[in-house]
Structure formats: C-alpha cells, structure tokens
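Biologist: I am new to this structure and would like to go through it with you, one question at a time. Could you show it to me before we begin?

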Amino acid sequence: MKAVIVGAGIGGIATSIRLAKKGYEVDVFEQNSYPGGKLSVFEQDGFRFDAGPSLFTLPELVDDLVALQNKDHKIDFPYKKLDESCRYFWEDGKRLTAYTDPKKFGAEVEEVLDIPAKVIIDYLKNAEFKYEKSAKLFLEKSLHKSSTFLSKEVLPALLGIYKFGLFESMNQVNESKLKHPKLVQLFNRFATYNGSDPYQAPGILTSIANLELNRGTFYPEDGMYQITDTLCKVAESLGVNFHFNAGVEKIMIEGNDAKGVKVNGDFIYSDLVVSNMDIYPTYKKLLSDQKQPENILNQERSSSALIFYWGIDREFSELGLHNIFFSDDYHQEFHHIFKTKTIAPDPTIYVNITSKHTPSDAPEGMENWFVMVNVPSNSGQDWDHLIPEIKGSVLEKLQRILGVDIAQHIKTESILEPRTIESKTSSYQGALYGSSSNNRYSAFLRHPNFHQKIKGLYFSGGSVHPGGGIPLCLLSAKIIDDLSPAS
Ligand code: FAD
C-alpha cells in the first residue's frame, strides 16, 4: 500500500519511518528545500546555529526510531546526558544552577536560596508521580478512541486524576509546594515548554519538570539538527522517498476516502495520507471543501518566539549550554503575551550556546548565541517596530546582569520571528506548539491523529494530539502507527 506524507517536520519524518517499517511505500512531500521544519540548522560567517529546538528530553523516543532502520545500515545516534540542565540569573545578582540530579539540585537550592533541599526533592517526586501516571492517558494513546479508556494502563490514570492538579493553575500548585518566589518563577517556566501561561495552565503541567530534572536533559553529539539528519537517514534506509520544493496544494478526497494529494498540479495516488502541516492550514488550504472543525481550529495559539542568532567574538565562562535571565515581573510577562498580545518590556531571555559543547560550532575564542524571548503568536502586531525595541531591552538586561556591552561583541546576526516562523513552516500565527495548553481541557480539545469521517486521513506533529515539542511530535507518529491499517 502507498502512503503520502505532507511535510518533513520531525512528526512527518517519524511517521514515514513507522509506516515504511509497516510495509508501506512512503513518499514525503516537503515545500522547503530542506527537511526538519522547525528543527533545522543554518551556518553564517563561520557559526553553526540550530534554528529551533535546543532542549532535548526523552531521547529513547529517537532511539526507538533509529532501531527500526534497515538491518543493512549502521546509523548511529550518539548523545549524552547533561549534568546541568540550565543556569539561572536574576537581576539582584542571584545565580543558581539546576542540576539533573535532584539531590544535587536540592543542595544547590539550599545553598543559594536557603530553602531545604527536601522541598525540591519532594516536588520532583510529585512531578514524577504525575507524569508517570498521566502520560499513558494523555500522551501515548489516542484520546479519541473509546478503547483507550478501557485499557488496563489507563484505568489507574483515570482513578488518580483528582491528584493531578487539573483544577488549579500551575502557579497555584507551585506557590503551595515551593517556599520561595524565585523557585516558583523557575518552575512556572516549564509552562513555556508547550507555549502556555503558568497563571492559566492547569497544575498537571508541573509534571513537565520531571522530564528535564528527573529523567534528564540530553544533547546529541553534533547538535540538535542531528535528530532530523539521523531520522531522515533511517527513513531513507527503509526506502522512504523525500521530495523537496514540493508543496502540497490539496488532499484529494473521494466519497469518504483519502485518495492522495495534488503537488505542483500533479495528482499523486495513495491509500493513506498523513498531514504533518499545521492543522489550521491543513483544513483551510488542503481540505478547504471539507467541513471545518472550527472549535478546534480557533483555539488560542501557544506562544511564539523572537530569536536573535548572534555570533559573539569572545567567550563567557559564567555561561553554560542553557541559560535563563529572568524577568523581574514574570506574571506581567505572561499577561503581555496572552492577554494583551504584545511583548513584555522586560522579558525573560533564554541564551543557548551550543559551542560550549561542540567547539566547532563557532570560530576559536568565540561563541554562537541563540537568544530567545517568548512572544505572542502573530495577530498582526507591528513587528518591524517591536523587534528593534525588544533587542534594545535584551541588550540592556544582559549588560546589567553580565556587566558587558554585548552589542560590541556581535559579529554576525540573524533573526527569526513569528512571521518568518509561519512563512518557513506554515505554523498558524507562528505559534511554536500549535494550540496553547491554557485550558484545563486542552488535551481533549486538540485535533485527533485521524479524521473521524474520512478513511485513510491522519495527522501528525505539534498542532495535533498529543501536542508540541519533539517528544510529543514523535509520539503522534507512534499513535498513527497504532491506528493505521497493516500494509
Ligand atoms: P514542523 O516543524 O512544524 O514542520 C512542518 C513541515 O511541514 C515544515 O517543514 C513545512 O515546510 C512542511 N509543510 C507545511 N505545509 C506543507 C505543504 N502544504 N506541503 C509540503 N510541506 C509542507 N521543542 C522541543 O522539544 N524542545 C525545544 O527546546 C524547543 N524549542 C523550540 C524553539 C523554537 C524557536 C521553535 C520554533 C520550536 C521549538 N520547539 C521545541 C518545538 C519543536 O520544534 C516543534 O514542536 C517540532 O519541531 C514541530 O514538528 P512538526 O512535526 O509539528 O513539524
């Protein structure tokens, strides 16, 4: 049987591997000249930059796919576990390192913030409990099949659901469990991992900390793009055909069956179609003559991002791979992003420097900075005016905290912002993670991984169930594998 996949984002590539392994003849059509979508790479003036994701958790989901490679190949995916997940900086001079060993992190918190280590250890145990109990229900299976709710793995999750903090916000859970405003701020940050607002998102999202701080933070030997590169090689080893510069114009439906796609005016027949394109444009452009699930499509989008890629002509020993420079008024920051849809005047800044791990990512004595602030999704804001303004406040804040005028050290610059995220990946409004998780029912409101009426039509990637971020996109491919017919 034949399968066609629209888009070579990480969810599309993972789906291609699973379907090819199942015996399908798979063609992937990608509108760009390169694979990976948000998980791509570029080089500029001797600096290498991972364009999108920088934080890598649950590497076993990539290992699972690598293990499916054709036996005649030897495709490796080397990565290492990091000892520290992130270095945190505040304006009052406090600095704290989050280690991936809960005891070590607890000891650091005790020393820097004078809060007993046990507070962290207990918090992370609770995060682990919530994650391990809820993942089977919310992440690893379709929420749109009655069989999911009857399976024996899911029953314990349903029975324990009242313990998950669904009826409090993340911030409320964090305020009640952590004893220091800086710790609340630090753990509220995990809402940004799916582009949500910790003051609205349900408390169950406090379980996200389990991934980074209990299970660990990882780094592929050659940087994040190695995930895309490796998975493309695995797909090719199984016979998947990638077609680049090949934007799909329409998904062909006959009666209640998906029949293929239209690309560059040509009709490509298939038994199965998987759209890895964001669900909003999938309906509006590729399925425009089908009934539109407006309630799903019109949900609030997750946050987007403004990224400055800077080649910096010196090194900073106080910085690690991941660094956060916190905003003084975190609550206001999210209010600006989600309620007023503008950029907070004093945003939190995330600086990722892969040359700390892979020195060849920057010329000798220099560093490659990926400098990101969370911003609202694009609803027509005056970005041309906002971007230079925000760059000014980012530079001022870095100067206040690091005592260095970074502007003097920028040798090269590139910028990614909500409009270009949308034009490069078709992600509606440039949202990083599809719809936001601000609503306590959002897990149930995402589009299923299959079409309820059209046979042979499936959906993978960050805008559908189970949600955005690399691990969840990979899980969407696994769910499609479970739901699709044998070839
Ligand atoms: P996408 O990456 O959205 O790609 C979709 C692909 O489909 C694109 O290549 C697009 O060109 C193609 N396409 C669309 N329409 C068509 C069409 N009609 N025809 C053909 N092709 C089409 N996640 C993490 O886990 N950790 C992080 O640290 C992290 N940080 C991030 C930072 C940034 C700046 C960004 C942008 C994202 C970040 N994410 C992070 C999120 C993560 O990158 C995404 O959730 C994930 O990569 C999305 O994958 P996807 O499968 O949904 O496809």
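Biologist: Where is tyrosine 441 found?

Modeller: Please keep in mind throughout that this is a predicted model. Two helices frame the place you ask about, helix 15 (418-425) and helix 16 (442-445), and tyrosine 441 is found in the loop between helix 15 and helix 16.

Biologist: Is tyrosine 441 buried, exposed or partly exposed?

Modeller: The class depends on the relative accessible area, where under 20% is buried and over 50% is exposed, with partly exposed in between. Tyrosine 441 has a relative accessible area of 45%, and therefore it is partly exposed.

Biologist: Which residues make the nonpolar surface patch of about 420 Å²?

Modeller: Tyrosine 441, which we have just placed in its loop, is one of the residues of this patch. The nonpolar surface patch of about 420 Å² is made by Phe167, Tyr441, Phe444 and Leu445.

Biologist: How far apart are the end C-alpha atoms of helix 1 (residues 10-21), and what span should its twelve residues have?

Modeller: The expected span is 1.5 Å times one less than the number of residues, so the twelve residues of helix 1 should span 16 Å. The model agrees with this expectation, since the end C-alpha atoms of helix 1 are 17 Å apart.

Biologist: How many of the twelve residues of helix 1 are buried?

Modeller: Helix 1 is mostly covered, and its buried residues include Ile10, Gly11, Gly12 and Arg18. Of the twelve residues in helix 1, the number buried is eleven.

Biologist: At what distance does a backbone N or O atom of glycine 11 lie from an oxygen atom of the ligand?

Modeller: Glycine 11 belongs to the residues that come nearest to the ligand, together with Glu30, Lys38, Gly462 and Ile470. Leucine 55 also has a polar backbone atom 2.9 Å from an oxygen atom of the ligand. For glycine 11, the distance from a backbone N or O atom to a ligand oxygen is 2.7 Å.

Biologist: How much of the ligand's accessible area does the protein cover?

Modeller: On its own, the ligand has 1000 Å² of accessible area, and the share of this that the protein covers is 95%.
Among the elements that give two or more residues to the shell around the ligand are helix 1 and helix 15, while the largest share, three residues, comes from helix 17.

Biologist: Which backbone oxygen does the side chain of asparagine 449 reach?

Modeller: Asparagine 449 is found in the loop between helix 16 and strand 19 (457-459), and with a relative accessible area of 0% it is buried. At 2.6 Å, its side chain reaches the backbone oxygen of histidine 465.

Notes. Residues numbered from 1 in each chain as written. Predicted model: local features only at pLDDT ≥ 70, side-chain atom pairs only at ≥ 80, totals over all residues. Heavy atoms only, no water. Patch = residues over 30% accessible without salt bridge, like charges linked within 9 Å, V, L, I, M, F, W, Y side chains within 5 Å. Areas by Shrake-Rupley, 256 points an atom, 1.4 Å probe, with all protein chains shown as cover. Salt bridge = Lys/Arg side-chain N within 4 Å of Asp/Glu carboxyl O. Helix = DSSP H or I, 4+ residues; strand = E, 2+ residues; numbered from the N terminus. Buried < 20%, exposed > 50% of the residue type's maximum accessible area, 1.4 Å probe, protein only. Near = heavy atom within 4 Å. Polar contact = N/O pair within 3.5 Å; in protein donor to acceptor, adjacent residues only side chain to side chain.
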